[in-house]
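Here are a few exercises to work through with the model open beside you. Try each task before you read its solution.

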Number of protein chains: 2
Amino acid sequence: MSRGPIDYSSAGVDYKRIDALKVRAQQAARSTARHLVGRGMRELERSRGESAYVVDVGGTLLASVTECLGTKALVADAVRAISGRTHYDTLAQDTIAMAVNDLITVGAAPVSVHAYWAAGSSDWFSDAERMEDLVRGWQAACDRCKAVWGGGETPALSGVVEPGRIDLAASCVGTVPSGRLMLGERLAAGDAIVLLAASGIHANGVSLARKLAERLEGGYAARIADGRPFGEALLDPTVLYAPVMESVWSAGIAPHYCVNITGHGWRKLMRHPGSFTYRLTAVPPRPPVLEFLQRELPLDPAEAYGSLNMGAGFAMLVAPGDAQAAVRAALGAGVQAWVCGAVEPGARRVVIEPLGITYESDDLKLRA
Amino acid sequence: MSRGPIDYSSAGVDYKRIDALKVRAQQAARSTARHLVGRGMRELERSRGESAYVVDVGGTLLASVTECLGTKALVADAVRAISGRTHYDTLAQDTIAMAVNDLITVGAAPVSVHAYWAAGSSDWFSDAERMEDLVRGWQAACDRCKAVWGGGETPALSGVVEPGRIDLAASCVGTVPSGRLMLGERLAAGDAIVLLAASGIHANGVSLARKLAERLEGGYAARIADGRPFGEALLDPTVLYAPVMESVWSAGIAPHYCVNITGHGWRKLMRHPGSFTYRLTAVPPRPPVLEFLQRELPLDPAEAYGSLNMGAGFAMLVAPGDAQAAVRAALGAGVQAWVCGAVEPGARRVVIEPLGITYESDDLKLRA
């Protein structure tokens, strides 16, 4: 079997093509804002291009987002044969995390979540153990985020979704409590970069991990450095950062900007459109599963940090005087955090000093 | 080729299995309502089991829904070879209609829509004509519903979504203007049943139509009674009923209950949990494509009206004195409507007198 490097393109994901579509769709979407005129509503235009869309409805700030799990269910389906567990309870948490971790970046607290479970056929739903895990995990993740599970859609899409598979996604609506709106206005040179620990791969880079499993001796059963099977470690659920953010707000800390580190990895740190350089002087420890992935694929550091979370699933950019308190607040919510760098005036780029990596502005094009 | 009847089960859709899951998920979902306590919010419990979920957020009533298109894109993909058009502009309207037509049943007006376009691979997005049609159609449907296109998700899900295919869905958030909340409290014996015209199959029963096309001489190019190709007629976009409802509300009519007639066809007319008999004394004309489908599959009348819209895409149940005004308001918004029957006290059932059909309460189980 080939031992050459695997990149995203060979794994079926071409971000350049998707990004072009995103830009075109964003332009069309902007034109619809006029429909709020005369209804006591207005969109917060700055939220376009951010991770959640925000509308002011008669003084209430509503945030909304729709996100999908990606292909992580394929890993669960394969690992079930080894582990004897369905893993759909943790996939439920992953799916909700994709939506909720985006929603909270604008300062919102989740209110309600809708489930989108599109199966390849009705048969999917007759596996009682898997179905129960999915329902239970969905409920538990809602509980942890203090969100109401408002409803959902469970279609059988034979011919669209692959036989035996399911497309999992979540929509989340939240409100932004007074004083918490965070659309980038407050970000300033000198702000500290606080990175929050990831549990593992979360749900980005899974296509790469699947490609690796195909050619790995032992496949998903291969052991990683801490002795765990690769497949099971991949399935560690995404951290739900909503309780962390609530802990931070409760501690009287108002972050200046937040980034959910998903696709594009640490390139996402320059999500803000302003001219700032994000200089990282420290990096958090890599979860063993990501260390394994980086070595075995292999990915050079720039590829790894440019596409995976590498141990940092979420970033808070805070006033320098708030940085240590933010770390403590995160720990109080059970999530490790580190002050890893600072925001500087200068060209929009991310510099990871310990690794000699620089991502330039052109490496991340999310906005129209 | 077989000429035997095609039912939903052989077409890959088993509503019984899906309904069991829905009931289990609804029970788990209900338990999460406590997360609104102490936040100045409460859920409107009656909205559970309705077509949209409603939360009171500090006096603002928020409605939300997530819905998918189903498998209609498979028809578009096949018909494109005949028609030379992608039809993704009308599929966009179908997808938004699935969400918005649900949302408005509780009295809400749409505020924002999120797109969920999950493709089998990134290649899907490089067909510029199709992509442009999808974006343009999405924008146009938002315009017609006076909804803002707030954002979306465009993943490439190789291994989950079939190669070359796309899973289209929409999430919609709306608000319920003062006095418009409609969760069933007002429904009363004596109310008139006003049915709104469907344009064709909309997006329910498409699996049946695809099965038929497979065995039909000429397939999607077969001519139906009005001379149009079967496939193109199938692709007539779902009526957006939001402008109709706005026209009705503007005319000073407060419907007592509304039903979006989708899966389960006219059985949905007894969506309300109360003990009422819905007696239809007239039926609207069948769109030629549904007449063709019913005859060619074949479906007996009870099967046809129990799974397809048969020309009625939406029902308003209104005070008898409002019925004619509701019909006029619908016409004013460009949609034909008919007063087709009345709500009676009695067992929960739907009686379609002209066709000798009765659906009993057990034929529609949507609630936990």
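Buried area is the accessible area, taken with a 1.4 Å probe, that two parts lose on being put together, summed over both. Keep in mind that this is a predicted model.

**Exercise 1. The interface**

Task: Work out how much area chain B and chain A bury between them, and how many salt bridges cross their interface.

Solution:
- Start with the area: chain B and chain A bury about 6,400 Å² between them, and 61% of that is on carbon and sulfur atoms.
- Next, the residues: chain B puts 78 residues into the contact and chain A puts in 79.
- Then the charges: 4 salt bridges turn up across the interface of chain B and chain A.
- For a cross-chain pair to look at, take A:Arg34 and B:Asp143, whose side chains meet in a salt bridge at 3.4 Å, N to O.

**Exercise 2. A sheet in chain B**

Task: Give the strand order of the 7-stranded open sheet in chain B, and say which strands stand at its edges.

Solution:
- Trace the order: the strands run 8-10-7-11-9-12-13, with mixed pairing.
- Look at the ends: strand 8 (257-260) and strand 13 (357-360) of chain B each have a single partner strand, so one side of each is left without a neighbour in the sheet.
- Check the twist: from one strand to the next, it averages 20°.
- Zoom in on one pair: strand 9 (residues 276-280) and strand 11 (residues 337-345) of chain B pair in the antiparallel sense over 5 bridges. In strand 11 of chain B, B:Ala342 is the bridge partner of B:Arg279.
- Finish with the helix on top: helix 10 (residues 323-332) of chain B lies across strand 7 (192-197), strand 10 (312-318) and strand 11 of chain B, at about 145° to strand 11.

**Exercise 3. Two sides of a helix**

Task: Which residues of helix 10 of chain A are buried, and what covers them?

Solution:
- Buried means under 20% relative accessible area. In helix 10 (residues 323-332) of chain A, that picks out A:Ala323, A:Ala326, A:Val327, A:Ala329 and A:Ala330.
- Now look down the axis: the buried residues of helix 10 of chain A fall within an arc of 160°, so they line one face of the helix.
- Flip to the other side of helix 10 of chain A, and you find A:Arg328 and A:Gly332 exposed.
- As for the cover, the buried residues of this helix have strand 7 (192-197), helix 7 (242-250), strand 10 (312-318) and strand 11 (337-345) of chain A among the elements over them.
- One last detail: A:Gly334, just after helix 10 of chain A, takes a positive phi of about 85°.

**Exercise 4. Salt bridges, buried or exposed?**

Task: Compare the settings of the A:Arg30–A:Glu45 and B:Arg48–B:Glu43 salt bridges.

Solution:
- Get the total: the whole structure holds 42 salt bridges over all chains.
- Take the chain A pair: the closest N and O atoms of A:Arg30 and A:Glu45 are 3.5 Å apart. A:Arg30 sits in helix 1 (residues 15-30) and A:Glu45 in the loop between strand 1 (41-43) and strand 2 (53-57) of chain A, so the pair ties together parts that are 15 residues apart in sequence.
- Check accessibility: A:Arg30 is partly exposed at 31%, while A:Glu45 is exposed at 52%.
- Turn to chain B: the side chains of B:Arg48 and B:Glu43 meet at 2.8 Å, N to O. B:Arg48 is buried at 8% relative accessibility, and B:Glu43 is buried at 13%.
- Beyond single pairs, salt bridges with shared partners join A:Arg80, A:Asp127, A:Glu129 and A:Arg130 into one network.

Key. Residues numbered from 1 in each chain as written. Chains lettered and ligands numbered in written order. Predicted model: local features only at pLDDT ≥ 70, side-chain atom pairs only at ≥ 80, totals over all residues. Heavy atoms only, no water. Pairing = 2+ DSSP bridges. Helix = DSSP H or I, 4+ residues; strand = E, 2+ residues; numbered from the N terminus. Axes fitted to C-alpha atoms, helices over the stretch in contact; angles between N-to-C directions. Contact = heavy atoms within 4.5 Å. Buried < 20%, exposed > 50% of the residue type's maximum accessible area, 1.4 Å probe, protein only. Arc of directions from axis to C-beta.
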